[in-house]
2 protein chains.
Amino acid sequence: MSQLLRGHNITVSRDGYAAGEGQSLERPFGHADPGTMFAWAFGTASWPNRTEPGGSRGLEDYLTREFHRNIGAEIMGRHKFGPQRGPWTDHEWQGWWGDEPPFHTPVLVLTHHPRPSFTLSDTTFHFVDADPQTALELAREAADGKDVRLGGGATTIRAFLDADLVDTLHVAVVPVELGAGTRLWTSPDELADRYHVDVVPRPDGVVHHLFWRR
Amino acid sequence: MSQLLRGHNITVSRDGYAAGEGQSLERPFGHADPGTMFAWAFGTASWPNRTEPGGSRGLEDYLTREFHRNIGAEIMGRHKFGPQRGPWTDHEWQGWWGDEPPFHTPVLVLTHHPRPSFTLSDTTFHFVDADPQTALELAREAADGKDVRLGGGATTIRAFLDADLVDTLHVAVVPVELGAGTRLWTSPDELADRYHVDVVPRPDGVVHHLFWRR
């Protein structure tokens with residue numbers, strides 16, 4: 001089987017925004033509240049950032065569990081790494097993900113301003129100025145036969161969707177309106193011509209959308 | 001983390017039967033039609049018995065995909081191996097699972113009539129006369145640190161539930177009435193005192209029940 005490009009746990013507001021306006025060091029999601037956006041995921045046993053045992057093993061846990069399954073590399077946009085714009089002024093700051101990043105694989109950070117790679121625990125961040133096709137080739141090589149995770153944010157996912165490179169995608173639409181920010185879509189219908197979709201509404205108002213290529 | 005005992009893709013009729021009456025070599029599910037019972041699973045990309053590429057990657061695929069994830073051994077009842085009752089009269093017949101069984105791990109077959117172990121491809125069948133607790137200890141040892149799958153049938157699952165050994169269980173309740181056969185339960189409520197349950201109804205009338213220990 002070929003190496004798939006897979007997006008997991010991508011969470012957007014009902015009006016299609018994956019992050020709010022005004023990203024900063026203190027507010028990676030801008031005016032959006034990550035606690036509200038990711039409430040569906042934080043309580044699951046398999047949430048990648050979970051530090052304590054326990055957690056639910058219901059349907060949402062089947063979804064968060066996919067984050068690590070057969071993944072050999074991640075591609076992320078620069079704004080998932082940090083809030084900086086333009087040339088890097090500080091190489092000491094090593095991103096939002098702490099000393100034990102939840103990735104445990106090579107991570108390709110897409111940026112027009114490359115900087116030296118570095119390793120935190122078992123995650124190595126590489127900084128790459130490349131179009132989606134080239135970035136995917138690099139990530140597949142780094143993934144050593146496994147699949148590649150498309151980590152986000154919305155702008156990055158949109159670029160890979162537009163280049164028709166995404167094989168499967170899980171988007172959780174949460175019952176929040178953001179009004180502005182970084183948009184994934186106006187409507188999930190935008191993907192209907194190229195993808196099958198399974199729409200799974202949940203009692204808490206979250207609607208999971210599971211896409212796979214036609 | 002400890003080695004969990006997990007049941008996956010256990011499929012029962014609305015009236016609680018996992019198999020019909022009259023099991024035979026030709027009809028492993030007796031009067032129940034496996035094509036109808038497992039219709040929810042057969043079309044998924046990850047169904048373990050799938051021999052062709054393709055298949056859906058919607059919610060049901062997340063469920064069937066769990067069959068192999070971090071599993072190091074399976075425990076099954078004798079009637080999931082074959083239709084025979086009493087002492088074995090034919091060691092040539094090697095079970096319902098063909099030359100390439102979908103397990104790819106050691107499999108412990110519970111029987112009051114042990115017979116020699118044998119290997120088909122990368123699956124080894126061991127025949128064990130043991131109570132659930134002892135069988136689980138043997139399976140954990142065979143699983144080499146991974147989890148153990150509780151494969152069924154219903155009588156075997158019931159025995160492990162009654163011994164309070166099951167950690168997680170996925171049961172698909174399908175819109176079929178069997179009226180008689182091998183029963184898993186009268187109602188899923190029987191497990192409510194010991195398990196959390198997430199109930200996920202689907203457009204085709206199947207209702208997935210995801211249980212995990214309280």
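This passage describes the fold of chain A and the contact between chain A and chain B in a predicted model.

The confidence values that accompany the prediction are considered before the architecture. Chain A has an average pLDDT of 96, and 100% of the residues score at least 70. For the complex, the predictor reports an ipTM of 0.93 together with a pTM of 0.95.

The secondary structure of chain A consists of six helices and 11 strands. With a radius of gyration of 16 Å, close to the 17 Å that the globule rule gives for 214 residues, chain A is as compact as a globular protein of that length. The C-alpha trace of chain A extends over about 45 × 40 × 35 Å when taken along its principal axes. Of the 214 residues in chain A, 41% are buried. Among the contacts in chain A with a separation of 6 or more, 63% are accounted for by residues that lie 24 or more positions apart.

Nine strands of chain A assemble into an open sheet, in which the order is 5-6-4-3-7-1-8-11-10 and the pairing is mixed. The edges of this sheet are formed by strand 5 (118-120) and strand 10 (195-201) of chain A, each of which pairs on one side only. From one strand to the next, the twist averages 20°. In general, the strands of a sheet pair through backbone hydrogen bonds, and the pairing may be either parallel or antiparallel. Within the sheet of chain A, strand 3 (residues 71-77) and strand 7 (residues 147-152) run parallel and are joined by five bridges. In this pairing, A:A73 is the residue that stands opposite A:V148 of strand 7.

Strands 3 and 7 of chain A also take part in the packing of a helix, since both are among the strands across which helix 6 (residues 154-162) of chain A lies. The other strands crossed by helix 6 are strand 1 (5-13) and strand 4 (106-110) of chain A. Relative to strand 7 of chain A, helix 6 runs at about 130°.

Between the two chains, 14 residues of chain B are in contact with 14 residues of chain A. On the side of chain B that touches chain A, the elements giving two or more residues are helix 3 (59-64), strand 10 (195-201) and strand 11 (207-213) of chain B. When the residues on this side of chain B are sorted by class, six are nonpolar, four are polar and four are charged.

Note on methods:
Residues numbered from 1 in each chain as written. Chains lettered and ligands numbered in written order. Predicted model: local features only at pLDDT ≥ 70, side-chain atom pairs only at ≥ 80, totals over all residues. Pairing = 2+ DSSP bridges. Helix = DSSP H or I, 4+ residues; strand = E, 2+ residues; numbered from the N terminus. Axes fitted to C-alpha atoms, helices over the stretch in contact; angles between N-to-C directions. Contact = placed C-beta atoms within 7 Å. Nonpolar A, V, L, I, M, F, W, Y, C, P; charged D, E, K, R; others polar. pLDDT = per-residue confidence, 0-100. Rg over C-alpha atoms; globule rule 2.2 N^0.38 Å. Buried ≥ 20, exposed ≤ 12 C-beta atoms within 10 Å, placed from the backbone.
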